[in-house]
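Morning, everyone. I'll take us through one model, from the overall fold down to single side chains. Please have a look at it first.

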Amino acid sequence: SAPPVPGPGGPAPRQRGSTRQAGPRRPAAPPAPALPRAQAVPHPPAAPRNMEAAGPLPTTPEGWKADGNAKFADGDYHAAIACYTSAIELAPSTPALFSNRSAAYAKLEQYDKAKLDAAMCIELDPKWAKGWWRRGTAQLENGEYKAAVKTFEEGLEYCPTDKNLVDGKRNALKYAAAADSVVGDTYGDFDIDAPSSRRPDTPETTPANPESDPTAQHVALNMDDKQPAEDTAPWPAEPPEEIERIQNAKNYYDVLHASRDASDAVLKKNYYALARVLHPDKCQLPNAENAMTEVTLAYDMLSNPQKKARYDQFVDDDDAEDQTYAEWDLKKQQESVPWFVKQLHKYRGLQLLIVIPLLLLLLPLFLVLLVFWLVLYLPYVLVLSCCFPEKYEVFKMQQDKEKARFEEMEQDARTQHL
């Protein structure tokens, strides 16, 4: 009969021609017991790198957020993203967590993910300016200048006084004016490498019939009413002349080389022509960038019907010759303030005479609110936590959301949107 085949723990079979003697058989290791399905170990939340060695993992969204902020401040953005992700798993309805993770993705130049988190932040709380600022900044860094302008404008509809959104829109407009794709998408087919619209003032290139020349028609449409009809100088002029003209312009109509009754099409064509001449990639002269920014602001003002109507009032005001539009607008807003408010600002003693009685009137209201908090609010919280734990969890989640928003505002003030 055939010899028995050795088991997994026995010696290897002797090879032909080998003189090695087989040793004693070692006992086989017992198989590991299988873990039942009901006792499967759950996976913990994704922890950042080297977090396990630093100490115990956080168990609350606030703890994960604090660790993420610390990692973000240290420049470890991958670990910060992991912390924010763990916090989002525990509190998926907190917009501040998506905002922080969006900032970390932006630092890693993963702008698509940064925009998605910012969009989620906006969906959770559209009245919070930070979400709009995050998405607009990510679009701006990714070169999507036109989309960034739209995002900042939508955010300003909800938060019209937010300084970050105002500055973001200004920067987006500035970069949009210097970007070929944005100028082309907004103001027609634009190619920065195309030849300039300026026509050489030579007899060989001047057509016999100016009416048949589209460039000559374009110049005639854009001439100011105050200029004489016989002025047939080509426009736009050379970049140094255009920069000097824009610096000495009295108003935005002069900046765009357009009349007061110019149509939107004329304003658009003039902006198109000036963008070719003053584009930073084409013009490296001093003050060229400032001139292009002024052109962009002029078009932004005159292309909006509401802004244009207000600006026309400034141009028609004879008393505003030595004032800028911002100074004139501020003065008009102050004139619309009621007379009694002006008197309060004028006489400080009168302010005290009014403030002290108001404080005395508000003191009973403060006492009523204090009694309400002691008699009604605290018992309500105690009863809710003891008798209705589910409702208490919802109530606590809302309180945590407000607290997280307040902490985020404080963080923004300290770090200036890092």
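One term before the details: buried means under 20% relative accessible area, exposed means over 50%, and partly exposed is in between. Take Leu370 with that in mind. Its relative accessible area is 39%, so Leu370 counts as partly exposed. Keep in mind too that this is a predicted model.

Now the whole chain. The secondary structure comes to 19 helices and zero strands. The chain has 418 residues, and 33% of them count as buried. About 27,600 Å² is exposed, with 57% of that supplied by carbon and sulfur atoms. What about contacts along the sequence? Take those between residues at least 6 apart: 55% of them join residues at least 24 apart.

Next, the nonpolar interior. How many residues does the largest nonpolar core have? It has 32. Those with the most contacts inside it are Tyr252, Leu256, Leu278, Val295 and Leu302. Five elements give two or more residues each: helix 11 (239–247), helix 12 (252–255), helix 13 (264–278), helix 14 (288–302) and helix 15 (305–316). Helix 14 provides the largest share, nine residues.

Let's look at Val295 in that core. Set aside its neighbours within four places in sequence. Val295 is then in contact with Ile246, Val255, Leu256, Tyr271, Leu274 and Leu278. There is also a second, separate core, with 13 residues. Among them are Ile122, Ala129, Trp132 and Leu140.

Back to helix 11. Which of its residues are buried? They are Pro239, Glu242, Ile243 and Ile246. These four cover an arc of only 100° around the axis, so they sit on the same side of helix 11. The partners they pack against are helix 12, helix 13 and helix 14.

Glu242 brings us to charges. Side chains of opposite charge can pair when their charged atoms come close. The structure holds 15 salt bridges. I'll show three of them.

Start in helix 11. Arg245 and Glu242 meet in a salt bridge, at 2.8 Å from N to O. Both lie in helix 11, three residues apart, which is about one turn of the helix. The burial of the two partners goes like this. Glu242 has 1% relative accessibility, so it counts as buried. Arg245 has 22%, so it counts as partly exposed.

Second, helix 15. Here the side chains of Asp312 and Lys308 form a salt bridge, 3.3 Å from N to O. Asp312 and Lys308 are four residues apart in helix 15, so about one helical turn separates them. Are they buried or exposed? Asp312 is buried, and so is Lys308. This pair also belongs to a network of salt bridges that links Arg260, Lys308, Asp312 and Asp316.

Third, a pair that spans the sequence. Lys130 and Glu408 form a salt bridge, with the closest N and O atoms 3.0 Å apart. Lys130 lies in helix 6 and Glu408 in helix 19 (residues 389–415), so the pair ties together parts that are 278 residues apart in sequence. Lys130 is at 4% relative accessibility, so it counts as buried. Glu408 is buried as well, with a relative accessible area of 0%.

While we're at helix 6, consider Gln139. It is placed in that helix, residues 129–141. At 8% relative accessibility, Gln139 counts as buried. What does it touch, leaving aside its neighbours within four places in sequence? The contacts are Lys115, Glu144, Ala147, Ala148 and Thr151.

Now a short stop at helix 2, residues 61–74, where Ala66 is found. Ala66 has 43% relative accessibility, so it counts as partly exposed. Ala66 and Ala80 are 14 residues apart along the chain, and their C-alpha atoms are separated by 9.6 Å.

Last, the surface, and back to where I began. Leu370 lies in helix 18, residues 348–387. Leu370 is also one of the residues in a nonpolar surface patch of about 1,000 Å². The others in the patch are Leu363, Phe366, Leu367, Val371, Phe372, Trp373, Leu374, Val375, Leu376 and Leu378.

That's the tour. Questions, please.

Note on methods: Residues numbered from 1 in each chain as written. Predicted model: local features only at pLDDT ≥ 70, side-chain atom pairs only at ≥ 80, totals over all residues. Heavy atoms only, no water. Patch = residues over 30% accessible without salt bridge, like charges linked within 9 Å, V, L, I, M, F, W, Y side chains within 5 Å. Areas by Shrake-Rupley, 256 points an atom, 1.4 Å probe, with all protein chains shown as cover. Salt bridge = Lys/Arg side-chain N within 4 Å of Asp/Glu carboxyl O. Buried < 20%, exposed > 50% of the residue type's maximum accessible area, 1.4 Å probe, protein only. Contact = heavy atoms within 4.5 Å. Core = buried A, V, L, I, M, F, W, Y, C linked by side-chain atoms within 4.5 Å. Arc of directions from axis to C-beta.
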